[in-house]
Amino acid sequence: MEASARARRVSERIDTLAAISEEPDRLTRRFATPALREAAEAVAGWMEAAGMAARLDAIGNVVGRYEGSAPGAAALLIGSHLDTVRDAGRFDGMLGVVLGVAAVERLAARGERLPFAIEVAGFADEEGVRYGTAYLGSKALAGSFDPAYLGLLDEDGISMADAIRAAGGDPDGIAGCARAAGSLLGYCEVHMEQGPVLEAEGLPVGVVTAIAGQTRARVTLDGEAGHAGTVPMGLRHDALAGAAALVLEVERVGRETGGLVATVGELAVLPGAGNVVPGRALLSLDVRHASDEARVAAVASIRASAAGIAAARGLELGWDVLQETGAVPTSQPLTTLLETAIESGGLPVRRLVSGAGHDAAVMAAVTPACMLFVRCAGGVSHSPAEEVTEADVAVAIEVLDRFLHRVAARPG
């Protein structure tokens, strides 16, 4: 089957998955829901049709295995996630899972076995929408799932343990999902870029060199509320004015530090009345960089500026770090093989840092990991407007095919 026909099949399967949702008028598929189970079962059917042995594990991941020339050999794992954000697009996560199945289909159609097994995983949770805990699926495989998660409650008061049971899983069996040492020789994730770089440069694919580290914090500025008509400007302790100065400082640090992105995405003002001087402002802060040293320095600079702004305006500063995740470099040997797979197709290699998190960051802790990005329209993601063309899917399919054979041909 030609690449264009294979890409069409991939697109059709992605459309099939996109129709499986908790909500009738938009795509929402959270962890441990009937919709997620239905999607996993659909993928399992495609895996089996491709000659794989497929199963759903204790947490709800769907995993298929295509044996290599030596039964029981270590596996190269190809994966991504099947859960979505609310009102999602149809490519985020799903593209990588369906492309993995397509790669196995090509081998099976040729009756070809590589020196290693190929496994494809559709992870049950990467987005963290239901319980605020991302990467539950890949953490189970990586052996880093925290049993304390099972006691978390969703917005309806349902514990994670109960949700997993209701979805046909087994919370007591999650520890058994962890891969044994030596059972994996690597992990490869194909994902839409979720950014505009490849489109801006006219390239269908690129390779990821690192997944950026991230710091997320909640910042509070407390001043003094007062009547907007009676408190003179010189005597005010306006929390919102201080927050405005801090937002601009965050933007300045982001613009002046190469490779850094810094964002204030949420701002709440209290008491929130048009005729009251704001007494409290709460801000979110999100800072990301491929270098942990650069990220930590940027956060320290922003915090120092926040302290200076607060002192100058007579405000009290609160600073709570919610998340601190280190940068994860991809495997240089596997990334080099991806690069040669791109170059042999006559394309230039574009190296990118992923500002978004991915299951590859979790899997990299237990096996060498690499990522292939596929161009998306306008860099739009987490939106129904997500779009990846069939032509670019066809390129990604061919790159993945060549990559697998280069892994098979490498010494040792």
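**Strand β16 and leucine 404 in the predicted model**

Strand β5, which spans residues 184–192, is joined to strand β16 by six bridges, and the two strands run parallel. The structure described here is a predicted model. Within the pairing of β5 with β16, methionine 192 is placed opposite valine 374 of β16. Strand β16 is also joined to strand β6, comprising residues 205–211, through three bridges, and in this case the arrangement is antiparallel; here glycine 206 has phenylalanine 373 of β16 as its bridge partner.

Strand β16 itself covers residues 369–374 and is mostly covered, with six of its six residues buried. In a regular strand the side chains alternate between the two faces of the sheet. In β16, Ala369, Met371 and Phe373 point one way, whereas Cys370, Leu372 and Val374 point the other way, and all of these residues are buried. Valine 374, which stands opposite methionine 192, and phenylalanine 373, which is the bridge partner of glycine 206, thus appear among the residues that point in opposite directions from the strand.

A further buried position is found in helix α11, which extends over residues 390–409 and contains leucine 404. Leucine 404 counts as buried because its relative accessibility is 1%, the cut-off for this class being under 20%. When residues up to four places away in sequence are not counted, leucine 404 touches Leu76, Ile78, Ala103, Leu114, Phe116 and Ile118. For one of these contacts, that with leucine 114, the C-alpha to C-alpha distance is 8.4 Å, although the two residues are 290 residues apart in sequence.

Note on methods
Residues numbered from 1 in each chain as written. Predicted model: local features only at pLDDT ≥ 70, side-chain atom pairs only at ≥ 80, totals over all residues. Heavy atoms only, no water. Buried < 20%, exposed > 50% of the residue type's maximum accessible area, 1.4 Å probe, protein only. Helix = DSSP H or I, 4+ residues; strand = E, 2+ residues; numbered from the N terminus. Pairing = 2+ DSSP bridges. Contact = heavy atoms within 4.5 Å.
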